Amino acid sequence: MHITSDQRLDDEVRERAFTFGDIPGFLWTPASASASAPVPLILLGHPTLGLTRMYPRLAARARHSAAQGFATATIELPGCGDRPRWPAMEQTRAELRRTLQAGEPVGDELIDALVLPLVDKAVPEWQATLDTLLARPEIGGPVGYSGGVISIGVRLASVDPRIKAAGLFAGSYVPRAIFEEARQITIPLHVLLQWDDEGNDRQAALDLFDAFGSKEKTLEANMGGHTGVPQFAGESAARFFTRHLN
């Protein structure tokens, strides 16, 4: 991991931009983090909008997590931001836009083509980054995953035993194969659902929640659209990670 910048966001949060191979990312740590006092880590997922566009929201989440004593980190998703274009994925996204504009249903074949290749590429990158982050003396365990494309979170939680708790955001298309992977997950889960999210298949989100094999799982559903997440939803997610990662 190559550090490309190192700065303080304020007296309490240190931000380091890095590259892992050709993958850009950020690591945020509370000022208290040190080799003698390593802190737990939360991986911050995000949608396919690119790190530059998502940075303000990610930095705000990082600040909030640092105040709770957590380090946080994120990486750019394949084919997004400044990473090389992914022609097959761009073609699939164009097909999705045409389907939505025509008012046609989004079928399983299109959902599979849109989501599964992204999951297949992104999850090994998250795992490799996690290997490097956990080797840093100021970062210990346990590890949580928060937000982002929900299918990436499901896959990561199902294949990597280092993930001890996950906070997932409903609101993206979910392939049927991911439902089967969800049944294998047993870690504590906190799932956030915006009830009136215009781009979310509410019933699919509820079905996915039912599929999770975890004995401890919480669904928090709030009124409002995709960008209308209330402040108290973030506070309840923070309490969830405090319970399970400290």
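This is a short selection-by-selection tour of a predicted model, from its sheet and cores to its charged side chains.

Number residues from 1 along each chain as its sequence is written. Local features here need pLDDT of at least 70, and side-chain atom pairs count only at pLDDT 80 or more, while totals for chains, interfaces and linings use all residues, and side-chain values use heavy atoms, with hydrogens and water left out.

**Stop 1: strand E6**

Select residues 139-147, which form strand E6. Helices (H or I, at least four residues) and strands (E, at least two) are DSSP runs, numbered from the N terminus. Of the 9 residues in E6, 7 are buried, where buried means under 20% relative accessible area, exposed over 50%, and partly exposed in between (1.4 Å probe, protein chains only).

Now add strand E4, residues 39-45, which pairs with E6 in the parallel sense over 6 bridges. Two strands pair if DSSP finds at least two bridges between them. To see one of these bridges, pick Leu41 and its partner in E6, Val143. Then bring in strand E7, residues 163-169, which runs parallel to E6 and is joined to E6 by 4 bridges. Here Tyr145 has Ala166 of E7 as its bridge partner.

**Stop 2: the nonpolar cores**

Next, show Leu43, Trp126, Ile152, Leu168 and Phe212: these have the most contacts inside the largest nonpolar core, a set of 51 residues. A nonpolar core is a set of buried Ala, Val, Leu, Ile, Met, Phe, Trp, Tyr and Cys residues joined through side-chain atoms within 4.5 Å. Helix H3, residues 108-134, gives the most to this core, with 12 residues.

Which residues are in contact with Ile152, leaving aside its neighbours within four places in sequence? They are Leu77, Leu118, Val119, Ala122, Val123, Trp126 and Tyr145, with contact meaning heavy atoms within 4.5 Å.

A second, separate core has 17 residues, and you can find it by selecting Phe26, Ala62, Ala66 and Ala165, which are among them.

**Stop 3: salt bridges**

A salt bridge is a side-chain nitrogen of Lys or Arg within 4 Å of a carboxyl oxygen of Asp or Glu. The count by this rule comes to 12 salt bridges.

Try Arg14 with Asp6, whose closest N and O atoms are 2.6 Å apart. Arg14 is partly exposed at 29% relative accessible area, and Asp6 is partly exposed at 43%. Move on to Arg85 and Glu90, which meet at 3.6 Å, N to O. Arg85 is partly exposed at 46%, as is Glu90 at 33%.

Then select Asp131 and Arg162, another salt bridge, with closest N and O atoms 2.6 Å apart. This pair links distant parts of the chain: Asp131 lies in helix H3 and Arg162 in the loop between helix H4 (150-159) and E7, 31 residues apart. Finally, light up Arg16, Arg136 and Glu138, which salt bridges with shared partners join into one network.

**Stop 4: Glu220**

Finish in strand E9, residues 217-222, where Glu220 is found. Glu220 is buried yet has no salt bridge. How far away is the nearest side chain of opposite charge? That side chain is Arg239, at 6.6 Å, where Lys and Arg count as positive and Asp and Glu as negative, with His and the chain ends not counted.

Glu220 does have a polar contact of 3.3 Å with the side chain of His190. A polar contact is a pair of N or O atoms within 3.5 Å; within protein, one must be able to donate a hydrogen and the other to accept it, and residues adjacent in sequence count only if both atoms are side-chain atoms.
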